[in-house]
Amino acid sequence: MTRALITGATGGMGHALALALAAEGHIITAVARTERHLKSLIGELGGPHDYLTADLATQSGLRDTAAALRARPYDLLVNNAALAPSGPFDHTDPDALRAAIRLNCEAVVALSHAFLATARPGAALVNVSSTLAFVPKPDRAVYSATKAFATSFSEALWYEQKGRGVYVLALCPGPTATRPGLHADTPSALVQSPETVAATAVTALRERRRPAVVSGRANTLFAVATRLLPRGTVLRLLADG
Ligand SMILES: NC(=O)c1ccc[n+]([C@@H]2O[C@H](COP(=O)([O-])OP(=O)(O)OC[C@H]3O[C@@H](n4cnc5c(N)ncnc54)[C@H](OP(=O)(O)O)[C@@H]3O)[C@@H](O)[C@H]2O)c1
């Protein structure tokens with residue numbers, strides 16, 4: 001049996017990842033802030049899984065989770081929890097922006113470090129990023145920048161860690177229906193289910209080839225287009241979309 005720690009395991013994507021990875025034979029440690037959601041997930045998973053209640057945007061929550069990662073070797077860490085403040089930057093509460101940077105960047109770095117301290121050959125680290133890592137979305141300036149950070153960070157670690165047999169992946173989903181009503185304005189053909197994204201992650205973990213994996217054909221086309229089109233054009237398209 002292999003052990004996997006998943007942050008934000010009670011949300012849409014984290015929940016789908018927890019189910020998919022448990023089905024692959026991992027014993028899950030689920031991390032989030034809301035204990036009753038964690039208990040409900042563990043009940044749904046059944047078996048030997050456990051949870052840790054922690055706010056990863058705080059020093060104490062980070063310390064407790066990093067300590068759990070150091071206490072015994074995990075085979076898989078999925079840094080999935082993130083905050084996505086939206087709206088014009090200069091009208092957004094700076095505390096909300098700081099919390100997003102702490103959770104989406106600082107926690108990812110601290111937990112990756114703790115995980116790699118005890119990781120054995122064959123272990124894997126997945127940082128859930130986004131296709132917004134490739135081009136920033138106006139009105140999501142800080143969120144997009146944190147995802148660019150997550151992808152860049154993961155790709156460098158992919159190279160650093162492959163010599164010791166640890167696979168590092170930036171998982172880049174596009175619009176995903178993780179909550180009712182989310183992406184209601186996006187054409188449904190462009191919105192994936194969390195289960196589809198989780199299946200992409202499972203396949204990438206089996207193949208262990210690429211440092212970054214985009215989920216789905218439409219999102220892959222989007223990622224390619226962001227590299228080919230003039231930056232101003234892509235920004236205009238994203239702002240209108
Ligand atoms: N949904 C999309 O369209 C989409 C697209 C691309 C990428 N992504 C990425 O996919 C990942 C998951 O997104 P999602 O839509 O599934 O998110 P979500 O539904 O908002 O779930 C977030 C999860 O993180 C936990 N969480 C939030 N703040 C936390 C904190 N401070 N400390 C610990 N846990 C915390 C939440 O539980 P508690 O509130 O109980 O803590 C919940 O389990 C994120 O990295 C996101 O950037 C999402």
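How many bridges link strand β5 and β6, and in which sense do they pair? Strand β5 (residues 124-128) and β6 pair in the parallel sense, over five bridges.

## About the model

This is a predicted model, in which local features need pLDDT of at least 70 and side-chain atom pairs count only at pLDDT 80 or more, while totals for chains, interfaces and linings use all residues. Residues are numbered from 1 along each chain as its sequence is written, and side-chain values use heavy atoms, with hydrogens and water left out.

## Strand β6 and its neighbours

Let's start with β6. Six of the six residues of this strand (residues 167-172) are buried, so β6 is largely enclosed by the rest of the structure. Buried means under 20% relative accessible area, exposed means over 50%, and partly exposed lies in between (1.4 Å probe, protein chains only). Strands (E, at least two residues) and helices (H or I, at least four) are DSSP runs, numbered from the N terminus. Both faces of β6 are covered: one side carries the buried Y167, L169 and L171, and the other carries V168, A170 and C172, also buried.

Two strands count as paired if DSSP finds at least two bridges between them. On the β5 side, V168 of β6 has L125 opposite. Between these strands the chain passes through helix α5 (residues 141-162), in a right-handed β-α-β crossover. Right-handed here means that, with the strands pointing away from the viewer, the path from the first strand over the helix to the second runs clockwise.

β6 also pairs in the parallel sense with strand β7 (residues 212-214), over three bridges. There, L171 has V213 as its bridge partner. The chain travels from β6 to β7 by way of helix α6 (residues 194-207), and this β-α-β crossover is left-handed.

## Helices α3 and α4

Helix α3 (residues 59-71) packs against helix α4 (residues 94-118) at an angle of about 20°, and their axes are 8 Å apart. Axes are lines fitted to C-alpha atoms, for helices over the stretch in contact, and angles run from 0 to 180 degrees between N-to-C directions. In contact, residues have heavy atoms within 4.5 Å. Among the α3 residues that meet α4 are L62, A66 and L69; their α4 counterparts include A107, L111 and F115.

## Two loop residues with positive phi

H183, in the loop between β6 and α6, has a positive phi of about 65° although it is not a glycine. H183 counts as partly exposed, at 29% relative accessibility.

R208 sits in the loop between α6 and β7. Its phi is positive too, about 50°, although R208 is not a glycine. With a relative accessible area of 33%, R208 is partly exposed.
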